[in-house]
Amino acid sequence: MAPRFTSILAAALAVRQLATAQNPDDTADAHPKLTTYKCTTKGGCVSQDTSVVIDWNYHWFHTADWNSCTTSTGGVNATLCPDQATCSQNCFVQGTTNYTSSGVSTSGDTLTMYQYTRNAETGAYGNASPRLYLLDPTGKNYEMLQLNGKELTFTVDLSQLPCGENGALYLGEMDKTGGRSELNQGGASYGSGYCDAQCPVQNWRNGTLNTSGANYCCNEMDILEANSKAIDFTPHPCTTTDCDRAGCGYNPYSQGNKGYYGPGGTVDTTKPFTVVTQFNTNDGTPTGTLTSITRKYLQNGVLLPPAVSSGDILTTELCNALDSTAAAFGSLPGMGQALARGMVLTFAIWNDATGYMNWLDSGNNGPCNATEGNPELIIKQNPTTHVVFSNIRWGDIGSTFNSGGAPGGTTSAKPVSSTTLATSKTSAVTTSKPVTTSAGTKTSAASSKTSSATGPTQTHWGQCAGTGYTGPTVCATPYTCVKQNDYYSQCL
């Protein structure tokens, strides 16, 4: 992966004059709710009342008399924050109550993220570029996904992402609490503690004021980095001192199948599709050694053929061949160790004012030319560019989708083969205005429900019928399936 989101985020923060500090004020973060699912081959999929939180640096930080704790360029005010303890005494972090203004909305199990947001008064678009983390049902800590020997499945709509955009879903080995301490009482519930394999240098390092300017490295597994023209998944394992920053990316275009992915391709990006990523171990258990990563795609109820005839499988040997530094950082076995310990699910949408995202979608990696990913062109031509993630499921291999039925029911313990037709719930963008969590709402733990053997019910706001739709058709109580058009009905 090329120079990463962190540098773009820094520019966005400078423009928005965001601050950084420690302990929360009296404004709770809204934590938009996002239903996710944990699955087993024996018990099916169980819904989780999880939520998302925006990155620490997108919050406003201020003194008791509402003065900013940062400079106009996004740096820390050295007078207010000469050290951790003093900054914690002087400054407070304010909860984000309006996620829509940051380009974020949720509805049931669907998350929508916009690159730009529109100023209601001036009509001008500004760069939002949100980054979010999945919280556990308590809303206090991050949900830690342990995926070694497991699989992760989700549906994504990338149809509105042009060249130069990146809709990303990835895992980072962040601290579960976000570095919560006596001097950082907000922690994960306010989005602190970010790290990745590019070893970013930030104002805060795991929730602590970074006065030494040290970087913060951690294992990173890029499940999806994509737009409507190109797609890539990449493991980035780390040692104790550095990380495999380039990674051994697997891209159908660079593998030689240039017509596999894109508008009208085998994976037709004009419509939503489902992504399955399986982390295979040598003994088939979560404690085994990660030996390969398998990628599968489903669309319109069909498990698609792989881009490569032998299967879209990234083995340790292939990883080492694609990336000369992979072996030195532990390659796939090292990545598996991080996946076994637990990693934080991260969502982002971003573009690149320096490299135009050429590493993802240009040259040997995709059909885009070297300049059309310029953000200045994107905001003029595609100011409403956005990505939609939905139906996020993780668990035993073969449990998050099945043969001949909607994902989430009781399935065979055997993975579905590439020649077997399978059905996936495709969660489309809602035609009505998305619902945003109200200001100050706290996410609380709630009881879970298990999908029945005949297939799961659809959640509030989810799709329940429409031409080509093959997912759940029964709405959860007390909601009713209401037709919006021939292609889309919604649980209301």
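**Strand pairing, nonpolar cores and salt bridges**

In the predicted model, Asn166 stands opposite Trp350 in strand S24. This pairing belongs to the contact between strand S13 (residues 165–172) and S24, which run in the antiparallel sense and are connected over eight bridges. S24 also pairs with strand S10, again antiparallel, through three bridges, and here Tyr133 has Thr346 of S24 as its bridge partner. Two further bridges join S24 to strand S11 (residues 144–145), likewise in the antiparallel sense, with Leu145 matched to Met343 of S24. Nine of the nine residues of S24 are buried, so the strand is largely enclosed by the rest of the structure.

The largest nonpolar core comprises 73 residues, of which Leu152, Phe154, Phe347 and Phe389 touch the most other members. Strand S24 (residues 343–351) supplies the largest share of this core, seven residues. When residues up to four places away in sequence are not counted, Phe347 touches Leu34, Val52, Leu111, Met113, Pro130, Arg131, Leu132, Leu134, Ala168, Leu169, Phe389 and Ile392. Apart from the largest core lies another, of 11 residues, which includes Trp56, Phe61, Cys69 and Leu209.

Ahead of S24 in the sequence, helix H4 spans residues 331–341, and its buried residues are Ser331, Leu332, Gly334, Met335, Gly336, Ala338 and Leu339. The helix is followed by Gly342, for which phi is positive, near 120°.

A second set of strand pairings involves strand S2 (residues 33–40), which is joined to S3 by eight bridges in an antiparallel arrangement. The two strands are connected as a hairpin through three residues, and within this pairing Lys38 has Val46 of S3 as its bridge partner. S2 also pairs with S25, but in the parallel sense and over three bridges; in this case Cys39 stands opposite Gly395 of S25.

A search of the whole structure identifies six salt bridges. One of these joins the side chains of Arg131 and Asp55, with an N to O distance of 3.1 Å. This pair links distant parts of the chain, 76 residues apart, since Arg131 lies in strand S10 (residues 131–135) and Asp55 in the loop between strand S3 (44–54) and strand S4 (60–62). Both Arg131 and Asp55 are buried, and Arg131 is also among the residues touched by Phe347.

A salt bridge is likewise found between the side chains of Lys150 and Asp396, at 2.7 Å from N to O. Here too the partners come from distant parts of the chain, with Lys150 in strand S12 (residues 150–157) and Asp396 in strand S25 (residues 386–396), a separation of 246 residues. Lys150 and Asp396 are both buried.

The side chains of Lys271 and Asp268 also meet in a salt bridge, with an N to O distance of 4.0 Å. In this pair, Lys271 has a relative accessibility of 33% and therefore counts as partly exposed, whereas Asp268, at 14% relative accessibility, counts as buried.

Methods: Residues are numbered from 1 along each chain as its sequence is written. This is a predicted model: local features need pLDDT of at least 70, side-chain atom pairs count only at pLDDT 80 or more; totals for chains, interfaces and linings use all residues. Side-chain values use heavy atoms; hydrogens and water are left out. Buried means under 20% relative accessible area, exposed over 50%, partly exposed in between (1.4 Å probe, protein chains only). Helices (H or I, at least four residues) and strands (E, at least two) are DSSP runs, numbered from the N terminus. Two strands pair if DSSP finds at least two bridges between them. A nonpolar core is a set of buried Ala, Val, Leu, Ile, Met, Phe, Trp, Tyr and Cys residues joined through side-chain atoms within 4.5 Å. Contact means heavy atoms within 4.5 Å.
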